[in-house]
Every structure is written in C-alpha cells, then in structure tokens.
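Dear colleague,

Please find below the sequence and structure that I am handing over to you. My notes on what was found follow directly after.

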Amino acid sequence: MRHRRGNRKLGRTTSHRLRLFQHLSEALFKNFWITTTLTKAKEVRPIAERLITLGKAGTPQSQRLAQEIIKDKVAYMTLFQRIGPHFAGRPGGYTRIIRIGRRPGDGAESVVLELVEREKLGQ
C-alpha cells in the first residue's frame, strides 16, 4: 500500500524524474515562468521554493547545496544574483500555479508555474 507516500513517479525512473525536476527548475529560474502539466508543477514547486530559500541565504554552504541541483550557470547566477535578493523580505510562497486548460493532444491539465512578482524580476 502507498499510505503517506508523498512523491508521484510520473511513469519515469528515479534518475529520469530527478533530471526532469532539475531542468524544470532551471527553466523556471531562467525565464521566471514555465508551462507544464499540473502534476509536474505540483512536484517541482517544493524543489524550486527550497532553492529560492537557498538563494535568499546566499552563504557558501547554500551555494554548494544549490549547485548539486542547478547545473546551468545562467540559472544558478540568476538564482543567487536576482531571485534570492528579490525575495529576501518574503517568508515563503515564491511561486504560483495558474491553470490554463487542457492540452489538445492528450487532455492533460496544463498550467503555468511562475514566480510571484515576475514582472519586477523581468527587467
């Protein structure tokens, strides 16, 4: 039985699933929003919020912990130079999920996962 098991497997192996979450997080930090399915967004949201909290701290230890997940240099620098300082005064809730309807091909629920106040971050 799967009682109290938190993570969805998404039909992928563990390494594939973790790499998917890594790439979705990197895309979120580079573009400040991504379009994906609802289940993927719900799974990547806690990972992205944890990384933003590390970006807020800005300590060498938090940078090392973030480098374990974020491999893209542009996304890493954006996290620590723009996103972290921007959310310094915010205690949490850095992302939001906006439903945009169903995908035409397979009917999956599509959503936009975006950073809160992304308009201020864009410029």
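In this predicted model, a salt bridge joins the side chains of Lys30 and Asp72, with an N to O distance of 2.9 Å. The two partners come from distant parts of the chain, 42 residues apart: Lys30 belongs to helix 1, while Asp72 sits in the loop between helix 3 and helix 4. Lys30 has a relative accessibility of 37% and therefore counts as partly exposed. Asp72, at 22%, is also classed as partly exposed, since the limit for a buried residue is under 20%.

The structure holds eight salt bridges, and two others deserve a description here. Arg90 pairs with Glu117, where the closest N and O atoms are 3.9 Å apart. A pair is counted within 4 Å, so the distance of 3.9 Å for Arg90 and Glu117 satisfies the criterion. This bridge again links distant parts of the chain, 27 residues apart, with Arg90 in the loop between helix 4 and strand 2 and Glu117 in the loop between strand 3 and helix 5. Arg90 is partly exposed at a relative accessible area of 29%, and Glu117 is partly exposed at 28%.

The other bridge connects two strands: Arg96 lies in strand 2 and Glu114 in strand 3, 18 residues apart. Their closest N and O atoms are 2.6 Å from each other. Arg96 is partly exposed, with a relative accessible area of 33%, whereas Glu114 is buried, with a value of 5%. Through shared partners, salt bridges join Arg96, Glu114 and Arg118 into one network.

Confidence should be kept in mind when these contacts are used. The protein chain has an average pLDDT of 93, and 99% of the residues score at least 70. Among its elements, helix 3 (residues 60–67) has the highest mean pLDDT, 97, and helix 5 (residues 118–122) the lowest, 81. Where pLDDT is low, the predicted coordinates should not be read in detail.

I turn next to the helices. Does the length of helix 1 agree or disagree with its number of residues? Helix 1 covers residues 14–31, and at 1.5 Å a residue its 18 residues should span 26 Å; the C-alpha atoms at its ends are 26 Å apart, so the two values agree. Its buried residues are Arg17, Leu20, Phe21, Gln22, Leu24, Ser25, Glu26, Leu28 and Phe29. An α-helix has 3.6 residues a turn, so residues three or four places apart point the same way. The buried residues of helix 1 pack against strand 1 (33–37), helix 2 (38–57), helix 4 (73–86), strand 2 (95–102) and strand 3 (109–115). Just after helix 1, Phe32 adopts a positive phi of about 70°.

Helix 2 contains 20 residues, and the distance from its first C-alpha to its last is 29 Å, close to the 28 Å expected at 1.5 Å a residue. Where does helix 2 show a kink? The kink, of about 30°, lies at Val44, shortly before the proline Pro46. Val44 is also one of the buried residues of helix 2, which include Leu38, Lys40, Ala41, Glu43, Ile47 and Ala48. Further along helix 2, Glu49, Leu51, Ile52, Leu54 and Gly55 are buried as well. The elements that cover these buried residues include helix 1, strand 1, helix 3, helix 4, strand 2 and strand 3. After helix 2 comes Gly58, with a positive phi near 70°.

Finally, there are the aromatic contacts. A search of the whole structure finds two aromatic pairs. In one of them, Tyr76 and Phe80 are tilted, with 5.0 Å centre to centre and 50° between the planes. Both residues lie in helix 4, four residues apart, or about one turn of the helix. Tyr76 and Phe80 are both buried. The other pair, Phe87 and Tyr94, is tilted too, at 5.2 Å centre to centre and 50° between the planes. Are its two members buried or exposed? Phe87 is buried, with a relative accessible area of 1%, and Tyr94 counts as buried at 2%.

With kind regards

Technical notes
Residues numbered from 1 in each chain as written. Predicted model: local features only at pLDDT ≥ 70, side-chain atom pairs only at ≥ 80, totals over all residues. Heavy atoms only, no water. Expected span 1.5 Å × (residues − 1). Buried < 20%, exposed > 50% of the residue type's maximum accessible area, 1.4 Å probe, protein only. Contact = heavy atoms within 4.5 Å. pLDDT = per-residue confidence, 0-100. Phe/Tyr/Trp six-rings, centres within 6.5 Å; stacked < 30°, edge-to-face > 60°. Bend = angle between axes of the 7 residues up to and from the residue.
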